Amino acid sequence: MDPLSWTEIFLRIAAQLTPVWIALVATFALSVAFRRRLGLYGKLFDSPIGMAGFGLVMFWTYTGIFAGAFDLILTHDVLDQSAAMKNKGPGTPYSQMMGTPDPNAYPYYLLGGDNLGRDVFSRMVVGAWEVIKIAPFASLFAFMVGITLGLPAGYHGGRLDTVLSFLANLILAFPVILLFYLLVTPEIIQTGIPVYMAAVLFVFPIIFLILLWNSRFHTQPAARNLYVGVTLVVGAWLYAGIAWDADPLGLVSFPPNLLVVFVAVVFVNAPTVFRIVRGLTMDIKTRDYVAAAQTRGEGTWYIMLWEILPNVRGPLIVDFCLRIGYTTILLGTLGFFGLGLSPESPDWGSTINEGRKLLSMYLHPALPPAVALLSLVLGLNLLADGLREESLRD
Amino acid sequence: MVTFILRRVGVMVLTALCLTFIVFFLTNLYPNLEKLAKTQGNFRMTDAEVESYLSRNGYLDPMLSKYGQWMGVWPGWVIEEDSVTRGRCIAPGQPPEEAPRFCGILQGDWGHSTVFRKDVDEIIAEKLALTGWLMLWVMLLMVPSALILGVLAGMREGSRTDRTLSTFAITTTATPEYVSGVLFIAIFASSAVGLQWFKGTATGAMTNPNFENFFLPVLTIALYGMGYIARMTRASMAEVMTAQYIRTARLKGVSFPNIVLKHALRNALIAPFTVIMLQFPWLLNGVVIVETLFNYKGFGWTLVQAASNNDIELLLAVSVVSVVVVLVTQLISDIGYVYLNPRISVT
Amino acid sequence: MAEHDGPILEIENLSISFFTRLREIPAVMDFSVTVQPGEAVGLVGESGCGKSTVALGVMRDLGVNGRIVGGTVRFKGRDLGEISAAELRDIRGREIAMIYQEPMASLNPAMRVGRQLMEVPMIHEGISEAEARARALEVVRDVKLPDPERILKSYPHQLSGGQQQRIVIAMALMSKPSLLILDEPTTALDVTVEAAVVELVKDLGKKYGTSMLFISHNLGLVLETCDRICVMYSGEAVETGSIKDVFDKMQHPYTQALFRSIPLPGADKNTRPLKAIPGNFPLPHERPEGCNFGPRCDYFQAGLCDTGDIPMAGITGDDRHFTRCLRFAEIDWTAPVEAMAQHEATAPGKVVLKIENLKKYYEVSANALFGGSRGKKVVKANETLSFEARESETLAIVGESGCGKSTFAKVLMGLETATEGAILLDNRNIEQTPIEKRDTQTIADVQMVFQNPFDTLNPSMTVGRQIIRALEVFGHGASDAERREEMLRLLDIVKLPREFAERMPRQLSGGQKQRVGIARAFSGGARIVVADEPVSALDVSVQAAVTDLLMEIQRKQKTTLLFISHDLGIVRYLSDRVMVMYLGHVVELGSTDQVFAPPYHPYTEALLSAVPIADTRVEKTHIVLEGDVPSAMNPPPGCPFQTRCRWKPEVPGDLCEREVPPVREIAPGHQVKCHLSEAALARMEPVIRVAAE
């Protein structure tokens, strides 16, 4: 068989991505049709920049989900090596050094093979899954921590604020890369420090939710007990599984090397969120509706979580998008330095790192993940920009 | 003003102490020490041998005491064994009585690198000089272009110039160094594309920097930070341009160039100034990536070597230096902010 | 520019629109006005009527979205629509200067005041720096600022609000323009400072021979400063003419309604209540067909007023007096106000709140940003407050910014605790009980209505939800359904439609938001309501309605109302007793009649004289206070008012500078804190005199 021409390669890639196109078209059609009823999300479809960003983000999200969770899209297993395919260029027909390849196997390496003869295209699309299964959740946890600490720091001020701000600045003054090198090493994992950190960090979402329900429903004890109870049971179960790997039901677990990556990323992001929330809180707390809540004797957590927090959601949503992008970059950095993730992992950072070693001769192993990462982060930034612009309007 | 600076310096010293202790703690955890013992001795040491090696070399002192010794505020360990007195501060062949009691970084004793087999302070000085050179060029390229970009974009918000420049700035912030570096090498340095305008490695730049071997690393670092500063400047500029006093100036009959230069610029640069200074912890990231990518054996490269080879004393020194650099820039940013912003009066 | 004799500014049929993504929004339609040399023309209207847009249209500074879509603006005979950008720059600052609302925001924070002043003549007249500096000194002296040399060297933030506004005025006068446009120049200032600035503008206008276009929402201020007036409503001029004609012989229903809704001397909440304008200001894209004021007009005639455009019509016999009304000739303008429901004055009941020697001191670091422990200063926000408030009584607390009225409200509400003294609610001490420790009943009893309607409601919660939350907290109702029912009842009480329960605050107008705020305050059956400037941020026509509502609920529920305000007009209208505060001290306390008639405390006297009154029959004694209110951080020794008091020479020796005056009862229930002798007090004359009708 002859290698494919570039046109054929693009057509075949587009065909492989069919499920993604269908999902994208459906998402956009529905969103545009109902945009007037969808609040800020709907307004996004008035801004070309926001739409472009949203399109890029959803493209990689769908790609990641279909490839990682449903084994669609990808053409070969990400770990399958074929000595005959080492460093072969894009569109090379699939072959193996010994024996005939499986007749059902996809007949080409669409974007060529890497230095171990693995399929670059498949590794790239599964790399998206590596990102979207960590980055949004790590950002979410960072937000929970940042909000739970930032609100009281900004609202009460004084000594509490001084101490918390000092701690936040402490972490922020740490060069991220140094932190990663110190924290994400096998030796540190041995000592169990990441588990303790996880134990502390992962408590925050539970505290956050309990405070949220309690402050809102303390006037109606029945409802309060229900909400708090459910949160406690589900929270404790997830907490035991994720942080301590001790789920009594054996359903929830978290691979230790992934946990340390997760913890490191949350740890790096939380202080920035803290600072943002603190600043916004200090601004909003002077509003009359906060004073009105105070004069009717509301508790401080009610004021913080129900009077202040909903009114700073705009800037926080924007920052959330940016933060997912930043987290993606951080994950790439970790991969690039071979920290935390397993060496065979198809994540973009590791792939770029492997590909760059032969860069002066072979471009194709390093460029696809680099472009993929670039376009996802760009999409998130554009999305954030679009959201910011639309939320400022009216 | 003096009290203000003193207070800031106080906070800075406290921060530095906390951070160095954290680094010290993390690098001196038992598994790290065990690894050290095995690399210094041999890899087949039993646990007991490891422990005796460590205790003979003062590694098993309490953490705080070790930290004090390393800082040079606590007497160095001294162990008598087989009628030979050895100690942290006793150089080989030196009579114990002549050795100083304290030897830590405060005395200028930064320890010895197990990887480079040299004194740490020598390595740091050499590497810092190399990276300082790199950073100088990065700053010279990044700051002016970012500010110009931001001001041009922000002075007429929503215009075509603004849209173009903003898109460019967003793209650069979305391109981490390990992506842009790879792209640049692929396009400008690889034999596959064939342009080969620049060199794909900067090893030569350590002794003889020139445009060909130095431009790509500098550009790679500068680009990522540039977008961010440009966006900050743009936002700040755009906000200032809608301010009431700009309208006052316009209605006074001031021409547009003068409005931008005389009225808007100083106010618009207050925010980005702090941002530039706070970029340092991030720039260090870029330095590490780029020095690895381009094989420029500077400070960042040393950090990677020290960390991946468990070279504890070198890693500690690298951490101290980077933390201090970051804190000093923060201090400068605070003081500069006060100078730039007349609304804050320091009496 | 060549000499021109004729009107300085002629605006003819000017129309301005703003263009958004969705539609064109007309902001000004068919607007005409002429300003003669040396004349001051007032432009009056409520917020959103387009008066500021006219000013910006004249300056041709409408931003990216605004455009002049019709008509011409002629300045000294030249069409401003046709001149080039360079010519426009020459006119701005040199020929036409503009002053607007926020003095702090109008000055460049990072440039010394002197530079900003000198820039004007240097651009326009090309004079040297030294000359410009000399000119700046001269003008700064003209605006009566002390120590001009120092002022020129300072940054704007180092000056007080009043000083900043004087600098803005000075800057406008630097190149001796022919036309000065003032857009709400005193709205951000305190009343006594406002009076001084207005006085200054009038004097300088005469001295420099400048014509003025004075934009304001305050009819009283326009009466004091202008020769002619133009009333605007919803983008159109509805009536224009000389002050005398428009104030005394108004020919447009809107002008009439406006005057009937502001509390002029003689209005009284029981016998002569105000008449609010019904309905709401139309949104720019929802203007009615025909007359914009039609739907709210008492004289509306279907078939006539709601078809076609309505032109301006001249009134014969008056000097350039026009009205945009088709029926002005048929309306009997002299007919008395149709009788409004009158009310029996309710007698005050038992004492519910008693304040005894209340003191509130704050400790602040001298320098907020870099303060150490050394720089602690004590701010005496409240100094020995004593008074009683009875059931069904309205007690007004009057004073300018920094007088301590808001601090008192905080202490009463329990957001702060008192330093000394006592607050007795039904004879129980509550001054040391912070709000977290108060029981629900106490909290529900003492509630507050806030000043800023745009800030008083949580923007991300529906109106109904916010009221229900208050009910929940106050323990009302056993179930969600009951609370919902109660919430709807409260909406009825504040006269809002029930479907508002599901609306978000941003869908409500300012007045409607304020009503929700009132409903929320009364949701726990409050017995004492602190109303902190509840109507000052509302438009005049809405103020009356909201005030009325407060009065009505008070009458029904026998509420004690503590009405905090700086607007003496409204205070005189609705309060039973008045307490005047200055720098934390109660300087005068008495019934409304006692406080508004001599003998006054010297500060009350100045305050009364400073308030502009929109009534041509009123004659006022002009008392202009020197300088600004001293900072509460650094109060003068002795009597707090001694630095600005014009009666100080009457007190022998340096008593005023040494000792805080004792509280004296000069009539039953009327007390003042002043060293002035009985004789001196007796010599005081009324500040406001209404000419005999």
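Biologist: Before we begin, what does partly exposed mean here?
Modeller: A residue is partly exposed when its relative accessible area lies between the two limits: under 20% is buried and over 50% is exposed. Please note that this is a predicted model.

Biologist: How many salt bridges are there over all chains?
Modeller: The count comes to 70 over all chains.

Biologist: Which residue does C:R324 pair with?
Modeller: C:R324 forms a salt bridge with C:D30, and their closest N and O atoms are 3.5 Å apart. The two residues are 294 apart and link distant parts of the chain. C:D30 sits in strand β2 of chain C, while C:R324 is in the loop between β12 and β13.

Biologist: Is C:D30 buried or exposed?
Modeller: Neither; its relative accessibility is 31%, so C:D30 counts as partly exposed.

Biologist: And what about C:R324?
Modeller: C:R324 has a relative accessible area of 4%, and it is therefore buried.

Biologist: Turning to C:R484, what is its partner?
Modeller: C:R484 forms a salt bridge with C:E502, with 3.2 Å between the closest N and O atoms. Because C:R484 lies in helix α15 and C:E502 in the loop between α15 and α16, the pair ties together parts 18 residues apart in sequence. C:E502 is exposed at 53%, whereas C:R484 is partly exposed at 36%.

Biologist: Where does C:D492 come in?
Modeller: C:D492 forms a salt bridge with C:R498, the closest N and O atoms being 2.8 Å apart. C:D492 is partly exposed at 37%, and C:R498 is partly exposed at 36%.

Biologist: Which residues are linked in a network?
Modeller: A network of salt bridges links A:R216, A:R296, A:E298 and A:E307 with C:R465, C:R469 and C:E472.

Note on methods:
Residues are numbered from 1 along each chain as its sequence is written. Chains are lettered from A and ligands numbered from 1 in the order in which they are written. This is a predicted model: local features need pLDDT of at least 70, side-chain atom pairs count only at pLDDT 80 or more; totals for chains, interfaces and linings use all residues. Side-chain values use heavy atoms; hydrogens and water are left out. A salt bridge is a side-chain nitrogen of Lys or Arg within 4 Å of a carboxyl oxygen of Asp or Glu. Helices (H or I, at least four residues) and strands (E, at least two) are DSSP runs, numbered from the N terminus. Buried means under 20% relative accessible area, exposed over 50%, partly exposed in between (1.4 Å probe, protein chains only).
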